[in-house]
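Me: Hey, I'm new to this one. Can you walk me through it?

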Amino acid sequence: MFFKYHKTIFLTYLLSNVVSFQISAGPISIQKDDNAILQVKSTVQYPNFLQPWRFKNPETRRSYGIYVGDGLILTPSQTVNYTTGIEVTKTGSLKTFTAKVIKSDPDLSLALLKVEDKSFPNGLTSVQFPTDIFLPSQGLLLEYKEFRNLGEKKVRTIKLEMDTYANGYIELPIVEIQSDEKFEGIGELIVEETSRIPQGIVISFKDSQNVGRMIPSFMIKSFLESKCRENCIPFKGFRFRTLTDRATRDYYGVKKDDQGVVIAEVYPTKPNNGTNKLIAQLQLEDVLLEVAGFKIDPKGYFEHPKYGKIGLSFLFHTNEEFTKNQSLTIPIKILRNKKLIEFDYSLSVLDENSIKIPFGNTRGRKPTYLILGGIVFQELSEHYLMEYGPKWRARVSKYLLYLNDFFHITSHYSHSPNRFVVLTQVLPLTGNQAYHSMHQNVLEKVNGNSILNLSQLNEVIKSNKEEFLVFDFQDGSQVIFKSEEITKLNQEALKTFKIPAEQNF
């Protein structure tokens, strides 16, 4: 009865249609001639992870914008990351409006823009995104046929599945689409062919394969309704492996052939509600049997009442109630040491301090650096490694590659980031000539103090009272400076190489 009751409530979360202040009582059809589709031009300047005191050359990125009312525009976030200026143009108009990003979610790959000009909403039709989508179905994609009007292209929405958007951290629902026609995949709106009700926006399309991906309308609706500005999506907090062979199932005491996956990795979780008490947590080698009353099969899927078989992440990552209140528990059933246990699992957002080596999309981060004695130190990230080109895995240090492949996640909760600090380059000066050959060395200690991140390294240097500074690296090498040499060499490095500051944090 306990699980039946919670399952009913959870289905309400999955299928409800509560509407926010900026969306009307129900979805309305969007016609080709409705003035709801906008052109967004963003000037962006991406950071340089190899020379973190510089930026790369400015670029122009273009995308579609969907007007959602109150001067707000929905657009893919990857086109406005690191923006220095955004211009919005209405269909058939030469006038441009200045916009700014007021909200962005790197996992959902959506950004919300705001135009302050009071005349901007004049003549625009607001798009409302519904809770339900039609699958499979025939749809129409709206795009600019020419400057003064919109054209339509036929698409097919095929199925709903779980995957990461734009190399994010969290698996989210994504709709596979197919079309025999070509388009860019930069935020075009798709409507259902008959009702013309919005179904979602396209974030990618491969012309060579005639397939693409669409963010479903219920995820867009959740994004628009959420009051938080970033990191609004709950995260399940674990990784699992399938449990399909009989011998392994017998080992864990699983009696039913159609149920259960094994917890393979548990992400550190923040204390709940600002207290020091940790929330109820899963453990390695727990067998997850049920979530909110839904049975989990040995491959990690459950039977959704509307969309069929979907990955179990759907039950954690698409919870509308959490999006609104940032707090929720879900009843789960597990086997631990062959004993059945039931408890309420607290949802929380991904604690980004648990990411030891940042990877995937940059999430708007700018690389930090610290120069000491003309030597540049940075925190290891996959973004730094990828700056070495398409064949970066063959060009970077094998040890850094090993760390990147196996140590993305910390093993315990930390109030501050726990990262790998790396000597990335030595700016050639006479005073550090002995160390010119050093490159991509992982720093472990300074004067016996273990180094966990750049901020701590900076504090160790500033508080040092000893005559010498001894830097110990993972490979056994050392760098030794007299304490007073650091400032003098830094000043020489900044002047010689035209670097604005010895640190940027």
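Reply: Sure. One definition to begin with: a charge sits over a ring if NZ of Lys or CZ of Arg is within 6 Å of the ring centre and within 35 degrees of the ring normal. Also, keep in mind that this is a predicted model.

Me: OK, so which residue lies over the face of Phe-223?

Reply: That's Lys-103, placed 4.6 Å from the ring centre. Another case is Lys-236, whose charged end sits over the ring of Phe-238, 5.7 Å from the centre of that ring.

Me: Which buried residues does α2 have?

Reply: They are Ser-217, Phe-218, Met-219, Ile-220, Lys-221, Ser-222, Phe-223, Leu-224 and Glu-225. The helix is mostly covered, with nine of its nine residues buried.

Me: Switching to rings. How many aromatic pairs turn up in the whole structure?

Reply: A search finds 21 aromatic pairs. Take Tyr-64 and Tyr-144: the ring centres are 5.7 Å apart and the planes are at 15 degrees, so this pair counts as stacked.

Me: Where do those two tyrosines, Tyr-64 and Tyr-144, lie?

Reply: Tyr-64 is in strand β2 (residues 59–69) and Tyr-144 is in strand β7 (residues 137–146), so the pair ties together parts that are 80 residues apart in sequence.

Me: And are Tyr-64 and Tyr-144 buried or exposed?

Reply: Tyr-64 is buried, and Tyr-144 is buried too. There's also a stacked pair made by Phe-218 and Tyr-307, with 6.1 Å from centre to centre and 20 degrees between the planes.

Me: What parts does the pair of Phe-218 and Tyr-307 tie together?

Reply: Phe-218 belongs to helix α2 (residues 217–225), while Tyr-307 is in the loop between β18 (301–304) and β19 (308–311), so the pair links parts that are 89 residues apart in sequence. Phe-218 and Tyr-307 are both buried.

Me: Which residues form one aromatic cluster with Phe-218?

Reply: Phe-294, Phe-302, Tyr-307 and Phe-314 form that cluster together with Phe-218.

Me: New topic, strands. How many residues of β16 are buried?

Reply: Five of its five, so to speak: strand β16 (residues 287–291) is mostly covered.

Me: What joins β16 to strand β15?

Reply: Two bridges do, and β16 runs antiparallel to β15 (residues 261–266). Val-262 has Val-287 in β16 as its bridge partner.

Me: And how many bridges join β16 to β20?

Reply: Four bridges, again with the strands antiparallel; β20 covers residues 328–336. There, Val-287 stands opposite Leu-335.

Me: What about β17?

Reply: Strand β17 (residues 294–295) pairs with β16 over two bridges in the antiparallel sense. Glu-290 has Lys-295 in β17 as its bridge partner. The two strands, β16 and β17, form a hairpin with two residues between them, and Ala-292 in the turn has a positive phi of about 55 degrees.

Me: Last thing, pockets. What volume does the second largest pocket have?

Reply: About 570 Å³. The second largest pocket is lined by 21 residues, and those nearest its centre are Tyr-46, Gly-360, Asn-361, Thr-362 and His-383.

Me: Which helix gives the most to the lining of the second largest pocket?

Reply: Helix α6 (residues 382–386), which gives three residues.

Me: How do the residues of that lining divide?

Reply: For the second largest pocket, the lining has seven nonpolar, nine polar and five charged residues.

Conventions. Residues numbered from 1 in each chain as written. Predicted model: local features only at pLDDT ≥ 70, side-chain atom pairs only at ≥ 80, totals over all residues. Heavy atoms only, no water. 1 Å grid on protein atoms, 1.4 Å probe; cavity = no way out; pocket = protein on both sides within 12 Å on 5 of 7 lines; lining within 4 Å. Points joined across faces, edges and corners; volume = space filled by probe spheres on them. Nonpolar A, V, L, I, M, F, W, Y, C, P; charged D, E, K, R; others polar. Phe/Tyr/Trp six-rings, centres within 6.5 Å; stacked < 30°, edge-to-face > 60°. Buried < 20%, exposed > 50% of the residue type's maximum accessible area, 1.4 Å probe, protein only. Pairing = 2+ DSSP bridges.
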